[in-house]
Amino acid sequence: MKSLLACYRAVIKTKLAERMAYRTDFAISVLLMLLGDFMIPLVTLLVYRSGASFPGWTLQEALLIQAVFTLAKGVAFPFFFGIVSTTLYHVREGSFDVFLLKPRPILFLAMMNAFDLDDFGRLISGGVLFGLALSGVPAPSALHWIQFAVLFLCSLLVLFAFSLFLSGLLFKWVGSSRVYDMFDSMSMFGMYPGTIFSKLFQQLFTYVIPIAMIGFLPASALLGKGADGAWLSMGMSIVFCGAGLMFWHGMLRNYTSAGG
Amino acid sequence: MIEVHNLYKTYTTYTRGSSFKETLRSLFKRETVLVPAVKGLTFKVEPGEIVGFLGPNGAGKSTTLKMLTGVLHPTSGDVRILGCTPWKQRKRYVRNIGAVFGQKSQLLWDIPPLDAFYMNKAIYAIEDAAFEETLHRLSRLLEVEEIMRKPTRQLSLGERMKCEFIMAMLHRPSVVFLDEPTIGLDVIAKEKIRSFIQEMNEQGVTFILTTHDLEDIEQLARRVIVINDGEIVFDDSIMALRNFLGAKKKVRIVTEQPSDWYGIEGVTVLKLHSAKDAELELDTDCLPLKRFIQLMNERCTLQDMTIDALPIEQVIKELYGHKERIEKVSIVRGSSKSHHLITK
Amino acid sequence: MQSLRFVRAVAFATYKEWAAYRSHMAVSIFIGPVYFLVQYFIWHAVYASQDILNGFTLSEMLTYYGVMSVITYLTFDFADWNLQMLIRTGKYVTFILRPVSHVGFALAQKVGHRTLGFWMEFIPVFLIYLFIFKIKLLPPQPFWAVLSIILGFLMTFFVNYSIGLTAFWLTNAEGVRRVFLLMRDITAGVFVPLSFFPDGLQHVLFYLPFQFMQYIPVRVYIGSYELAGITMSIPQVVGLQAIAVLCMWGVCQLLVHLGTRKFTGVGV
């Protein structure tokens with residue numbers, strides 16, 4: 001028992017020492033993630049404060065969409081979205097072969113490697129936003145919560161699919177950090193009430209590239225605003241994810257056959 | 001041309017402590033620790049010399065080189081190179097020096113070295129005619145005329161190193177500083193670089209290089225300065241370096257009949273391969289080589305004999321082990337200049 | 001002239017370097033319009049119930065975002081990232097070893113980089129906004145607009161470069177630098193016109209260097225300037241911008257001087 005405690009203490013000391021080395025950096029990193037994720041909600045706040053609004057949506061409701069989006073990222077980024085940066089780095093350096101040499105599914109290895117402690121800061125910011133937004137709307141019923149939970153899972157699926165598409169791209173488009181810019185720009189469509197977009201875009205982002213599933217659809221369900229086509233979109237999310245997996249493995253095959 | 005006098009450099013770092021309390025306290029207050037890297041270096045280099053700096057890791061070689069190139073301000077001391085104090089008149093000073101700092105590349109990764117050469121042409125304000133001539137000469141000498149038109153990322157390390165050298169010498173500097181110039185290169189590339197340095201030296205360029213590669217030293221440097229723990233422990237010619245361990249030689253001797261080597265003054269038996277085959281250490285201070293050979297002929301019939309200087313690694317290890325300056329009374333063989341080992 | 005030859009040589013080398021990464025830049029032709037498309041829908045929805053918002057009509061709001069988007073392609077850089085990379089890896093030493101000021105070098109690099117950006121990003125996106133989105137993108141006072149953009153180019157550079165210079169002191173606090181960058185982005189008016197911010201904050205923003213980077217060039221381009229209730233004529237605000245650029249240049253030089261003193265050639 002004593003040795004276990006001693007061991008535990010040693011580990012804590014090491015972790016603490018590690019964090020001490022970059023103490024400012026870690027604290028600021030978390031703080032910054034919070035600030036960064038608050039940007040778009042801040043802009044929404046400023047717009048509403050000026051007396052304007054999205055038709056049919058109160059400020060809290062609009063913020064909830066953005067909160068759900070951030071929350072989804074808060075789960076996705078620490079656990080699996082990091083495969084994008086892993087692929088980006090390793091393919092560029094030519095060290096991706098490390099994964100290919102191990103007797104395990106490569107995607108699994110890449111995801112393990114991609115685990116990022118710092119990204120949990122996003123979970124905090126998402127949680128804070130979520131709490132704030134939720135406090136300003138009537139409490140959702142249990143049914144709404146269940147619907148929300150299911151759709152939130154689909155949201156994670158969509159984010160997973162995106163990480164696969166982006167990561168797969170990087171096998172060919174070596175070292176291009178602009179994939180993040182591409183994702184950020186497209187994900188804007190999921191941060192606002194779908195009703196503001198034209199019919200064409202609404203359908204595109206609900207059924208074809210289900211970006212709306214990341215923030216808008218789960219939030220709507222929670223608010224009892226149940227958007228039409230949520231069920232179909234759920235199905236499409238699964239298809240999208242499947243497509244992502246196929247794409248990723250196809251690009252990987254391409255990469256390995258070309259000799260990396 | 002290069003005068004260094006009493007050069008000191010002390011770094012300031014911070015301790016973090018290892019106990020829990022100390023680590024926590026380090027959040028608010030840190031203790032400074034002074035690390036002396038260079039402690040009172042003094043030496044001179046004449047134009048046209050090739051000087052090699054040797055020393056174990058952390059000895060202060062790189063720190064010294066940085067101060068000589070103007071990159072680092074010393075804590076105290078004087079340096080005059082080409083009439084300038086490097087860190088004080090940096091912009092004027094660096095126009096006349098070249099430097100290749102190991103892995104710190106001046107080339108641009110995605111475009112050919114040739115483009116980087118033209119960039120340096122503008123930086124050093126080299127005249128068109130002079131630039132073309134120098135570029136042509138250097139690229140021919142280093143055999144990079146074809147490859148310098150390919151993007152840098154497509155070149156091997158050896159090819160990149162050659163281009164780095166060209167970058168450093170396009171403006172025809174009179175002094176060139178090299179920090180580990182042959183590190184990571186294959187045998188052929190190393191040879192090419194070394195012969196290039198020799199060729200340039202014959203044309204009057206002074207070279208200061210730091211290295212761990214003893215072959216670099218043996219092939220290039222006529223003068224060696226060994227730095228250990230921030231101080232010079234040896235400053236003399238390469239011959240003197242060899243003779244440091246007292247003019248000893250290694251002799252491998254094979255005889256027709258079994259022979260006995262013990263009890264001869266000046267001869268130590270290193271290894272007996274067999275009764276007819278021995279490795280000896282000969283101290284020529286005690287027993288001159290001529291006498292030794294005479295002795296051999298008297299005692300036995302020689303079948304084979306090889307005489308070698310002691311491997312330089314041994315000398316270096318010995319010097320690295322020295323923390324204090326070495327006392328050596330005047331006998332220094334083969335040293336034509338007046339640099340002798342530093343006396344306490 | 002010597003410096004001109006220097007700028008041209010470095011700019012040209014940088015231009016060629018980035019031309020090797022054409023696809024990176026070409027992506028902007030997709031990304032820019034996508035962001036703009038979202039704004040397009042947002043403001044159309046918002047303006048459904050009113051005609052004027054904080055002094056902007058719908059058309060003016062869209063013009064604001066359109067102009068902000070294209071001007072960014074002319075003025076942005078990542079001098080801060082490049083510089084802190086050079087310092088952290090120790091490669092900064094290769095500039096100390098040569099008779100070149102890195103500030104000048106980096107600025108010349110930006111000229112080369114943005115020249116490529118002019119063709120690959122600015123022109124295509126400009127045309128998309130003009131013909132597909134039908135945004136009013138022609139400046140009423142082109143001379144002042146160009147001048148202000150040039151000043152914005154310089155201001156952005158000096159601010160970013162100064163942020164990068166903090167790497168001399170904050171060896172591993174990447175985070176602190178990111179605070180500056182975030183502040184810079186918010187206060188440059190990139191996400192929303194500065195007139196949307198609370199009055200008190202607007203007053204503070206007036207005195208910070210950030211409005212001179214993008215907000216003023218955009219306003220000059222559109223033809224009217226306003227912040228914190230302060231209005232100025234176009235020549236006046238451009239004059240103020242010029243003074244700000246001079247001040248920032250001074251700050252930059254001071255930091256370079258202090259930083260170079262500190263630099264010890266890490267790991268060399």
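In this predicted model, A:F96 sits in the loop that joins α4 (83-93) to α5 (97-100) of chain A. Although this residue belongs to a loop, A:F96 is buried, because 21 other C-beta atoms lie within 10 Å and a count of 20 or more is what qualifies a residue as buried. A:I106 follows at a separation of 10 residues in sequence, and the C-alpha atoms of A:F96 and A:I106 are 10.0 Å apart in space.

Chain A also takes part in an interface, in which 29 of its residues are in contact with 30 residues of chain C. On the side of chain A that touches chain C, α2 (23-49) and α9 (178-187) of chain A each supply at least two residues. Of the elements involved, α2(A) gives the most to this side, with 11 residues. By residue class, the side of chain A that touches chain C divides into 19 nonpolar residues, seven polar residues and three charged residues.

The partner in that interface, chain C, contains 12 helices and four strands. What radius of gyration does chain C have, set against that of a compact globule with 268 residues? Chain C has 19 Å, which agrees with the value near 18 Å that a compact globule of 268 residues would have. Taken along the principal axes, the C-alpha atoms of chain C fill a box of roughly 65 × 40 × 35 Å. Of the 268 residues of chain C, 47% count as buried. When contacts in chain C between residues at least 6 apart in sequence are considered, 80% of them join residues at least 24 apart.

A single residue of chain C can be followed in more detail. C:V237 is found in helix α12 (residues 234-262) of chain C, and this valine is buried, with 24 other C-beta atoms within 10 Å. Leaving aside neighbours within four places in sequence, C:V237 is in contact with C:I216, C:V220, C:Y225 and C:M232. For one of these partners, C:V220, the separation from C:V237 is 17 residues in sequence and 8.1 Å in space, C-alpha to C-alpha.

Turning to chain B, the domain assignment gives domain 1 (46-242) and domain 2 (246-312), and the C-alpha centres of these two domains of chain B lie 42 Å apart.

Strand β6 (residues 175-179) of chain B is largely enclosed by the rest of the structure, because five of its five residues are buried. Which residues cover the two faces of β6(B)? On one side B:V175, B:F177 and B:D179 are buried, and on the other side B:V176 and B:L178 are buried as well. β6(B) runs parallel to strand β5 (residues 97-101) of chain B, to which five bridges join it, and in that pairing B:V100 has B:L178 as its bridge partner in β6(B). β6(B) is likewise joined by five bridges to strand β7 (residues 206-210) of chain B, again in parallel, with B:T206 of β7(B) as the bridge partner of B:V175.

Strands of a sheet pair through backbone hydrogen bonds, either parallel or antiparallel. Another part of chain B shows antiparallel pairing, in an open sheet of four strands with the order β11-β12-β10-β13. The edge strands of this sheet are β11 (267-274) and β13 (302-309) of chain B, each of which pairs on one side only. From one strand to the next, the twist averages 20 degrees. Within the sheet, β11(B) and β12(B) form a hairpin with two residues between them, and six bridges join β11(B) to strand β12 (residues 277-283) of chain B, the two running antiparallel. Along this pairing, B:S274 stands opposite B:D277 in β12(B), while B:L272 has B:A278 as its bridge partner in β12(B).

The strand pairings of chain B described above are set out together below.

| Strand pair | Bridges | Direction |
|---|---|---|
| β5(B) and β6(B) | five bridges | parallel |
| β6(B) and β7(B) | five bridges | parallel |
| β11(B) and β12(B) | six bridges | antiparallel |

How values were computed: Residues are numbered from 1 along each chain as its sequence is written. Chains are lettered from A and ligands numbered from 1 in the order in which they are written. This is a predicted model: local features need pLDDT of at least 70, side-chain atom pairs count only at pLDDT 80 or more; totals for chains, interfaces and linings use all residues. Two residues are in contact if their C-beta atoms, placed from the backbone, lie within 7 Å. Ala, Val, Leu, Ile, Met, Phe, Trp, Tyr, Cys and Pro count as nonpolar, Asp, Glu, Lys and Arg as charged, and the others, Gly among them, as polar. The radius of gyration is taken over C-alpha atoms; the globule rule is 2.2 Å times the number of residues to the power 0.38. A residue is buried if 20 or more other C-beta atoms lie within 10 Å of its own, exposed if 12 or fewer, and partly exposed in between; C-beta atoms are placed from the backbone. Domain bounds come from an automatic or database domain assignment. Two strands pair if DSSP finds at least two bridges between them. Axes are lines fitted to C-alpha atoms, for helices over the stretch in contact, and angles run from 0 to 180 degrees between N-to-C directions.
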